[in-house]
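Open the model in your viewer and switch to a cartoon view. The stops below say what to select and what is there.

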Amino acid sequence: MIFLYEIGLLFITASLFWFIILAFIVEPKFRAGFWQKIGFYPKNTSGKKTVLIHAVSVGEVNAVENLVKKMRLEFPEDYIVLSTVTKTGQEVAQNKLSNYTDEIIYFPYDFFFSIMSCFEAIKPDKIIIAETEIWPMFSYIAKMMKIPLILINGRISPTSYTGYKCLSFFFKEVLECFSQIFMQTEEDKKRIVDIGAPEEKTDVMGNLKFDIEKNLTEEQVAALKNEIQIGENRLFIAASTHKGEDEIALNVFRNIKMKYSDAKLLIAPRHPQRYEQVENMLKNEPYSYSKRSIGGTFAQNDIIMLDTMGELGKFYALGYLAFIGGSFSNTGGHNPLEASIWDVPVISGPTVFNFKDIYKLLTRANVAQIVSTEEDFIASALKFYSNISYHDEISAICRNIFDSSRGALGFVIDKLKS
């Protein structure tokens, strides 16, 4: 079945050849890392035990950040290689983890020749796949070469489960290539076993995203606050916004600003290719704006667009209230914990299936709120700005919510040691 898949993949690639070439010309992100992806990798001549950790994009890189750092401490002699698929994931990996890894590469295309070239160059002794990145040929070759293949922090959304289930006759063969499979929840474990994963190889580990720490010291927070000149103003953060969400966030900010003059807005579009589009919106706003990339501050501006990579996490340290994007755009939402770790209350739209279990915990504790409409969003945001005691009460709950949910990081490290 896997070889039939490979033939089909080659056929589709050949059929779409000119379309792919056009996409490469028009959109730079598609050609990022192309030469590595087809098999031209730097040779690993270290002679050390090598661990390849794969994190497809920004969210997965953030999820494995502390794991990579912990592995560097626990296995100091190992040669650690981190791979991504996307250009933005590569940039964040370079910014956050270049000091903790020996090499950061692009993940190979799922062709036999690309993968064999990657393995021959990198020489992995162990492969760790973050979340549910299941590449059939990659998995098969790892098993063929007797390289332990471990899936960690796995999750399967209801939508993905339906698709996988329809093709379970195929994915059963792929999932049997994994040495161990560690899922986030019992529900995720049940789904992947139902798809075809061997139950004896599958376990529940929790969610690595809860094993995060504040990424700035108090001195660094003070320095950032001074750098951005936020003063005592209350910062509303519109984080990881997608198309259609910037307008919503800006409308919410206008409603807050009309009543509370100390409100400021930091808007962070999810994808760099949308920076220009969002800036055009800001030009039509009644409030002054600037951009982080040119050193903009809140001294003379009400809005700053965060148009740099890898900085959003630290700006939560200055936040008063955060909107987490991807939740009004049917994307499935993004990670709210990066705000919660800084005691910042969270508001999200109705579509958060990517982090359903995290939101279940946060909404139960009332530190995150799910709103269905823009009107509900405005009302919820205004409540936080009008009632400081209410805001501070929610912030205090944030401080305690991580303690009962941590442990996934230790679970993985213990498994790797054994």
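## Stop 1: the cores

This is a predicted model. Begin with the largest nonpolar core, which has 69 residues. Select Phe236 and Tyr316: they have the most contacts inside that core. Now show what surrounds Tyr316. Beyond its neighbours within four places in sequence, Tyr316 is in contact with Ile237, Ala239, Ala322, Ile324, Glu338, Ala339, Trp342 and Val344. A second core is separate and has 35 residues. To find that second core, select Val81, Ile105, Phe170 and Val174, which are among its members.

## Stop 2: the sheet with β8 and β9

Colour the strands in the order β10-β11-β9-β8-β12-β13-β14. These seven strands form an open sheet, with parallel pairing. Select β10 (289–291) and β14 (368–370) at the edges. Each has a single partner strand, so one side of each is left without a neighbour in the sheet. From one strand to the next, the twist averages 20°.

Add helix α13, which packs on the sheet and touches β8, β9, β11 and β12. The direction of α13 makes about 170° with that of β8.

Next, select β8 (residues 234–241) together with β9: the two pair in the parallel sense over seven bridges. Arg234 has Ala263 in β9 as its bridge partner. Now trace the connection. From β8 the chain goes through helix α13 (residues 245–259) to β9, and this β-α-β crossover is right-handed.

Stay on β9 (residues 263–269). How many of its seven residues are buried? Seven of the seven are, so to colour the buried part, select the whole strand. Show the side chains. Ala263, Leu265, Ile267 and Pro269 point one way, while Lys264, Leu266 and Ala268 point the other way. All of these residues are buried.

Turn to the β11 side of β9. β9 pairs with β11 (residues 303–305) in the parallel sense, over three bridges. Label Ile267 and Met305: Ile267 stands opposite Met305 in β11. Then bring in helix α14 (residues 275–283), which lies across β9, β10 and β11. α14 runs at about 165° to β11.

One more pair here. β12 (residues 319–324) and β13 (residues 346–348) pair in the parallel sense over three bridges. The bridge partner of Ile324 in β13 is Ser348.

## Stop 3: the sheet from β1 to β7

Select β3-β2-β1-β4-β5-β6-β7, in that order: these seven strands form an open sheet, and the pairing is parallel. Which strands stand at the edges? They are β3 (103–106) and β7 (202–204). Each has a single partner strand, so one side of each is left without a neighbour in the sheet. Neighbouring strands of this sheet are turned by 20° against each other on average, direction ignored.

Zoom in on the β7 edge. β6 (residues 180–183) and β7 pair in the parallel sense over three bridges. Label Met183, whose bridge partner in β7 is Val204.

Two helices are worth adding. Helix α7 (residues 112–122) lies across β1 (50–54), β2 (79–84), β3 and β4 (126–130). α7 runs at about 170° to β3. Helix α20 (residues 408–417) lies across β4, β5 (149–154), β6 and β7. α20 runs at about 145° to β7.

## Stop 4: Thr84

Select Thr84 in strand β2. Is Thr84 buried or exposed? Thr84 counts as buried, because its relative accessibility is 0% and the cut-off for buried is under 20%. Its side chain makes a polar contact of 2.7 Å with the side chain of Gln90. Show the rest of the surroundings, leaving aside neighbours within four places in sequence. Thr84 is in contact with His54, Ala55, Val56, Val61, Gly89, Gln90, Ala93, Ile105, Tyr106 and Phe107.

## Stop 5: Trp135

Finish in the loop between β4 and α8 (136–144), where Trp135 is found. Trp135 has a relative accessible area of 31% and is partly exposed. Residues up to four places away in sequence aside, Trp135 touches Tyr5, Phe107 and Asp110. Phe107 also appeared among the contacts of Thr84. Now add Glu133: a polar contact of 2.8 Å joins its side chain to that of Trp135. Last, draw a C-alpha to C-alpha distance from Trp135 to Leu175. Trp135 and Leu175 are 40 residues apart in sequence and 9.7 Å apart in space.

Terms used:
Residues are numbered from 1 along each chain as its sequence is written. This is a predicted model: local features need pLDDT of at least 70, side-chain atom pairs count only at pLDDT 80 or more; totals for chains, interfaces and linings use all residues. Side-chain values use heavy atoms; hydrogens and water are left out. Two strands pair if DSSP finds at least two bridges between them. Helices (H or I, at least four residues) and strands (E, at least two) are DSSP runs, numbered from the N terminus. Axes are lines fitted to C-alpha atoms, for helices over the stretch in contact, and angles run from 0 to 180 degrees between N-to-C directions. Contact means heavy atoms within 4.5 Å. A nonpolar core is a set of buried Ala, Val, Leu, Ile, Met, Phe, Trp, Tyr and Cys residues joined through side-chain atoms within 4.5 Å. Buried means under 20% relative accessible area, exposed over 50%, partly exposed in between (1.4 Å probe, protein chains only). A crossover is right-handed if, with the strands pointing away from the viewer, the path from the first strand over the helix to the second runs clockwise. A polar contact is a pair of N or O atoms within 3.5 Å; within protein, one must be able to donate a hydrogen and the other to accept it, and residues adjacent in sequence count only if both atoms are side-chain atoms.
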